[in-house]
Structure formats: structure tokens, C-alpha cells
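Trainee: I am new to this structure. Please show me how to read its features one at a time.

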Amino acid sequence: NAYTQYSCYVTASTSVGEGAPTSTVIILTSLSVPEPPLNFSLLPVPGSPTMLFANWSAGMPKIGIIIGYIVYCNTSTSQAYPEQRIGQNVPTTRSVVNGTTLATSLTGLNPFTQYSCYVTA
């Protein structure tokens, strides 16, 4: 399993029986890609036509330690996920926050413009 600590040792066996074990080695497996964030929402900021407030919940199950979140917004009506950004639909706004923060303000937006936004962990 990802991000799990294991204790391992080796023994040798013959037809007579099992020998003494080696010393125990403790290892922690690698992290895995986190689950997508949940409950993503955008709210207008009163009095600011160029700002939105974004918030979300951490995805579950949380395997490992989330070190950050990135919120992407672009002016296209279709979502442009990172692997689809080659050549077009490049996000016009990006906000990076640490892994314990579940909200951010998106600034510098154009008034009266439709944005498509998403968050990744």
C-alpha cells in the first residue's frame, strides 16, 4: 500500500527447519497521487468584480501528505486540465496554496467574463 510502513526480515529454510532471521529492516513506501479535492466552489467577493473566493474539502482517503493545492481558471467554457493545456486553453489565472489551506482568493480576473475553474491536489 502507498505511504505505509513495513517491517521486513529474511529467514532461510531447509528440510530440517527454519534458520535465524536477519535483523529487521523498516521501510516506508512511496506516496501516491492524492484523491481529487471535493466540494469545490467559487463565490463572488462583494464589491470586487475582479476577484473570486475559492474553497474546497480535502479528498479522501488521504494517502500521504498533501503539500499543496493549485486552483486553475481560464476564460474557456470547457475545462482544460493540465494534460490538455498544450497549445490552447492555457489557464489565465493560477493560485497555489499549501497543503493545509482549503481556500484562496483569485485576483486579477476580468469583469463580466465567464471562467472555468478547477482545483488539483
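Mentor: Start with strand pairing: two strands pair if DSSP finds at least two bridges between them. Helices (H or I, at least four residues) and strands (E, at least two) are DSSP runs, numbered from the N terminus. This is a predicted model, in which local features need pLDDT of at least 70, side-chain atom pairs count only at pLDDT 80 or more, and totals for chains, interfaces and linings use all residues. Residues are numbered from 1 along each chain as its sequence is written, and side-chain values use heavy atoms, with hydrogens and water left out.

Trainee: In which sense do strand 6 and strand 9 pair, and over how many bridges?

Mentor: Strand 6 (residues 48-57) runs antiparallel to strand 9, with 4 bridges between them. T104 in strand 9 is the bridge partner of A54.

Trainee: Which way do the side chains of strand 9 point?

Mentor: In a regular strand the side chains alternate between the two faces of the sheet. Strand 9 (residues 103-106) shows this alternation: T104 and L106 are buried on one face, while A103 and S105 point to the other and are not buried. Buried means under 20% relative accessible area, exposed over 50%, and partly exposed in between (1.4 Å probe, protein chains only).

Trainee: How many aromatic pairs are there?

Mentor: A pair of aromatic rings is described by the distance of the centres and the angle of the planes. Rings of Phe, Tyr and Trp (its six-membered ring) pair if their centres lie within 6.5 Å; planes under 30 degrees apart count as stacked, over 60 as edge-to-face and the rest as tilted. The count here is 2 aromatic pairs. W56 and Y69 are tilted, because their ring centres are 5.4 Å apart and their planes stand at 55 degrees. W56 belongs to strand 6 and Y69 to strand 7 (residues 68-74), 13 residues apart. Both W56 and Y69 are buried. Y72 and Y118 are stacked, at 5.1 Å centre to centre and 25 degrees between the planes.

Trainee: Which cysteines form a disulfide?

Mentor: A disulfide is a pair of cysteine sulfur atoms within 2.5 Å. C73 and C117 form one, with 2.0 Å between the sulfur atoms. The link joins C73 in strand 7 to C117 in strand 10, 44 residues apart. C73 is buried at 1% relative accessible area, and C117 is buried at 9%.

Trainee: What is the average pLDDT of the protein chain?

Mentor: pLDDT is the predictor's confidence in each residue, from 0 to 100. The protein chain averages 82, and 83% of the residues score at least 70.
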